[in-house]
Amino acid sequence: METIDTTTIDYQHYLSATEIAAIEHEASIMETREAAGIEALKVVQEHRGWISDESLFAISDLLAIPIAQLEGVATFYNLIYRQPVGEHVIHLCDSIACHLTGLDSVLAAIKQHLNIEYGQTTADGKFTLLSNACLGSCDKAPAMMIGTEHYQYLSPESAVDILQKLAVKGEVNG
Amino acid sequence: MAESISNNNIKPLTQWVNLQQPLSFDAYCQAGGYQGAKVALEHSPNDVLDIVKNSGLKGRGGAGFPTGMKWSFVPMFEDGDENAPDNKYLVANADEMEPGTFKDRLLLEGAPHQLVEAMIIAAYTIGANKGYIFLRGEYHLAAKRLQQAIDEAYQNNWLGEKIQGSSYTMDLYVHCSAGRYICGEETALINALEGKRATPRAKPPFPQVSGLFGKPTIVNNVETLCNLPHILKNGIEWFQAIAPNSDAGSKIYGACGRVKKPGLWELPMGPTLREVLYDYAGGMQEGLQFRGLLPGGASTDFLVEEHLDTPMDFDSIAKVGSRLGTGGLIVLDDKNCPVGMVLNLMRFFAQESCGWCTPCRDGTPWAVEVLNRIEQGQGKIQDLDTLAKLCDFMWIGKTHCALAPGAVEPLRSALKYFHDDFLQHIEHGCCHYNLSMTPKRMKVSQASISPLSVKAGQ
C-alpha cells in the first residue's frame with residue numbers, strides 16, 4: 001500500500017496561487033490561522049472537487065494546523081468530501097418534511113435512473129448521490145440541492161427530468 | 001377581538017422582506033431602516049441594554065431565554081480599564097438546520113439589511129467590535145445577499161470605523177459553515193468558528209464570559225436579532241402591545257407536512273395551534289386526517305387533537321408537555337406512519353450526533369435500530385421497554401448537550417400518543433401504512449386485533 005510522506009507536501013508546490021490567495025484572505029479576517037481551516041477546505045474543494053490526503057497535508061502546512069485536527073474538521077462536515085465525487089453532487093433532503101411528502105418515491109426514482117445507491121457515483125462520473133439533513137425547504141418539500149441550486153416540490157418525474165437536463169447540458173433551464 | 005385583528009397586521013419582522021429582490025441600502029433606509037440603529041447609537045450601551053431587557057424579548061432560536069438577560073452577563077468595562085479584553089464578539093446564529101424550520105431563511109434571503117442593522121445594535125450594546133454571521137453552507141443565496149448588504153453598509157458608514165460619526169467601530173463578516181446540525185448549539189458554533197471540530201463545550205465558562213477565542217461572546221438567533229431595530233425604533237410599549245399575552249412581540253410561525261398551504265406567517269406571539277394549522281396552513285390536504293404535530297421543529301414533543309387550543313407561546317406550550325421551539329409545525333397525517341416519522345427523526349439525530357458523549361453517540365443509533373426493527377415488522381414487545389429506557393438514558397443531565405434530549409422528545413411523546421400504532425406493528429409484524437407490506441403474523445393478528453390493550457399491559 002502506498003504511503004504518503006507527510007514532510008514532502010509543501011503547500012507552495014501543491015496549492016495554486018489562486019487557492020493560496022483565497023485561503024490567505026479568509027485567514028486575514030479570523031483571529032487565528034487555524035480558524036480559517038474550514039474555509040481553506042472549502043476553497044480547495046471548490047478547485048479540485050474533493051479533499052484528498054495530499055490536499056489535507058498541504059492545507060495543514062499552509063495554516064500550521066496539526067493534521068489530525070484538520071482531518072477531524074474535514075470529516076465532521078456533510079459538505080466536505082473526503083472521497084472523489086462526481087461532476088454533480090446530489091444532496092437529496094431526507095428530513096421529516098420531505099419524508100412526509102413523498103421522499104421515498106423520489107429517492108427510488110433517482111436511484112433507479114442513476115443506478116446507484118446513497119454514497120455512490122455513476123460509472124460515467126456525472127453524479128454522486130448523497131442525503132442532506134434538512135435543506136430548509138420544508139414548505140416546498142421534497143427538495144434537493146445540486147451545486148448551489150435548490151430544487152423544490154420534487155416528484156419522481158421532475159427529479160429525473162432535472163438530472164437528465166443536467167447530464168446533457170450541465171444546467172437546468174429556468 | 002378587534003384589537004387582535006388589527007395586531008395581526010403588525011408584521012415588523014417581515015414587512016421589509018422581499019424574496020425576489022431584497023431592499024437595497026437606499027430602499028431600506030427609505031422604508032425606515034437603520035433608524036433603530038440610529039436610536040441605539042444615540043443612547044449609551046447600558047441604556048440600550050435596559051431597553052432590550054425591559055422589552056421582554058425572548059430568544060427565538062428554540063430555548064426562549066430572555067435576550068436582555070443573556071446580554072447582561074457580558075462583562076462591561078470603562079474606557080482604559082486594563083482588565084478589559086481586547087475584543088468581544090457578536091455572532092448571529094444562522095445555522096438553521098432544525099428539520100421543519102425555515103423561518104430564518106426568509107429573513108436572511110428577504111431582508112439582509114435588517115439583520116445587519118440588528119447586529120450593529122446588539123454588538124454596540126455588548127461592546128463588541130467584531131461580528132460574524134454563522135450561516136449554514138446550504139444557504140447560498142443568503143450568503144450572496146448578506147455579503148451585498150454588508151458591502152453596502154460599509155460604503156455608507158454603517159459598518160467600519162466610527163459608525164455615523166460616533167466613536168463606535170464594528171466589522172462584520174459572513175462565515176459559511178459546511179453542514180452540521182450541532183453547529184447550531186452555541187458552544188459548538190464557537191468551536192466551529194475557531195476552526196475546531198464542532199463539539200459543544202462544557203459550561204461554565206459561559207460564552208458571555210469566555211467564548212470565541214476566549215473572549216466574551218454573545219450568540220443570538222437571526223429572528224431574535226431582527227426584532228431589535230423595531231424595538232429601538234418603536235419603543236418597549238409598542239413591542240409589548242403586539243402580543244396579547246405575557247410574551248412580547250411577534251413571531252414567525254410555520255407549518256409543513258401534508259397541509260393545504262405549508263408556509264410561514266408572522267403573527268403576534270401566541271396564536272393557538274388550531275389557528276396556525278387551520279386558519280393559516282389551511283388544514284389537512286384532501287382525504288387526510290390530522291394525527292398530531294411537533295410544535296417547534298424536530299426536537300419537540302408531539303401534541304395531538306386535545307392540545308390544539310393551546311396558544312403558541314413559550315409557557316403555554318410547555319404546560320402541555322412540549323416546547324415552542326422554533327414555532328414551525330411539523331404535521332403528521334393519518335396516511336403517514338407515526339413509527340416511520342419517529343424513525344426518520346431519530347435517524348437525523350443519530351447522523352448529526354457529534355459523538356462526544358456516550359449516551360448520545362450510542363443511544364441515538366440504538367434507538368434507530370429498534371425503531372427500524374419495529375417499522376419493518378420485526379419488533380418484539382420488549383422493544384418498547386428498550387425505547388423507554390433509551391429515553392431515560394438520553395435525557396437532560398445525562399448528556400453533554402441538548403441534542404440527545406431533543407431526540408428523546410418526539411420519541412417519548414410518540415410512545416405515549418401513538419402507543420397503539422407501535423403495538424400494531426409488533427402484533428401484526430408489519431406496518432399498516434405501508435401497503436406493499438403484508439402482515440407476517442396474520443393468523444395471530446386476526447385474533448389479537450381487539451385485545452391489543454390487554455397486550456399493552458404485559
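## Briefing: contacts, core and sheet in a two-chain model

B:Leu115 touches B:Ala92, B:Leu107, B:Leu108, B:Val222, B:Leu225 and B:Cys226, leaving aside residues up to four places away in sequence. B:Leu115 also ranks among the residues with the most contacts inside the largest nonpolar core. The model is predicted. The points below take up that core, a buried helix of chain B, the contact between the chains, the domains of chain B and a sheet in chain A.

**Nonpolar core**

- The largest nonpolar core has 193 residues.
- Besides B:Leu115, the residues with the most contacts inside this core are B:Val91, B:Met119, B:Ile121, B:Ala122, B:Leu135 and B:Met346.
- Which helix gives the core its largest share? Helix α7 of chain B, residues 112–126, does so with 10 residues.
- In soluble globular proteins, nonpolar side chains tend to be buried together.

**Helix α9 of chain B**

- Helix α9 (residues 186–193) of chain B is mostly covered, with 8 of its 8 residues buried.
- The buried residues include nonpolar ones such as B:Ala188, B:Leu189, B:Ile190, B:Ala192 and B:Leu193.
- B:Glu186, B:Thr187 and B:Asn191 are buried in α9(B) as well.
- What covers the buried residues of α9(B)? The cover includes β1 (89–94), β2 (130–135), β3 (171–176) and β4 (217–221) of chain B.
- α3 of chain A is also part of that cover.
- B:Gly195 follows α9(B) and has a positive phi, near 85°.

**Contact between chains A and B**

- Chain A brings 33 residues to the contact, and chain B brings 38 residues.
- On the side of chain A that touches chain B, α3 (37–48), α5 (67–74) and α6 (96–100) of chain A each supply at least two residues.
- The largest share of that side comes from α6(A), with 4 residues.
- By class, the side of chain A that touches chain B has 19 nonpolar, 10 polar and 4 charged residues.
- α3 of chain A thus appears twice here: it supplies residues to this side, and it helps cover α9(B).

**Domains of chain B**

- The domain assignment divides chain B into domain 1 (2–240), domain 2 (243–333) and domain 3 (338–456).
- The C-alpha centres of domain 1 and domain 2 of chain B lie 26 Å apart.
- In chain B, 26 residues of domain 1 are in contact with 24 residues of domain 2.
- On the side of domain 1 of chain B that touches domain 2 of chain B, α1 (2–7), α6 (103–110) and α12 (236–242) of chain B each supply at least two residues.
- That side of domain 1 of chain B has 8 nonpolar, 12 polar and 6 charged residues.

**Sheet of chain A**

- Chain A has an open sheet of 4 strands in the order β2-β1-β3-β4, with mixed pairing.
- Why is one side of β2 and of β4 (149–151) of chain A left without a neighbour in the sheet? Both stand at the edges, each with a single partner strand, so one side of each has no neighbour there.
- Neighbouring strands of this sheet are turned by 25° against each other on average, direction ignored.
- Strand β1 (residues 88–93) of chain A pairs with β2(A) in the parallel sense over 6 bridges.
- A:Val89 has A:Thr128 in β2(A) as its bridge partner.
- Strand β2 (residues 127–132) of chain A is mostly covered, with 5 of its 6 residues buried.
- Strand β3 (residues 144–146) of chain A and β4(A) run antiparallel and are joined by 3 bridges.
- A:Ile146 stands opposite A:Glu149 in β4(A).

Notes
Residues are numbered from 1 along each chain as its sequence is written. Chains are lettered from A and ligands numbered from 1 in the order in which they are written. This is a predicted model: local features need pLDDT of at least 70, side-chain atom pairs count only at pLDDT 80 or more; totals for chains, interfaces and linings use all residues. Two residues are in contact if their C-beta atoms, placed from the backbone, lie within 7 Å. Domain bounds come from an automatic or database domain assignment. A residue is buried if 20 or more other C-beta atoms lie within 10 Å of its own, exposed if 12 or fewer, and partly exposed in between; C-beta atoms are placed from the backbone. Two strands pair if DSSP finds at least two bridges between them. A nonpolar core is a set of buried Ala, Val, Leu, Ile, Met, Phe, Trp, Tyr and Cys residues joined through C-beta atoms within 7 Å. Axes are lines fitted to C-alpha atoms, for helices over the stretch in contact, and angles run from 0 to 180 degrees between N-to-C directions.
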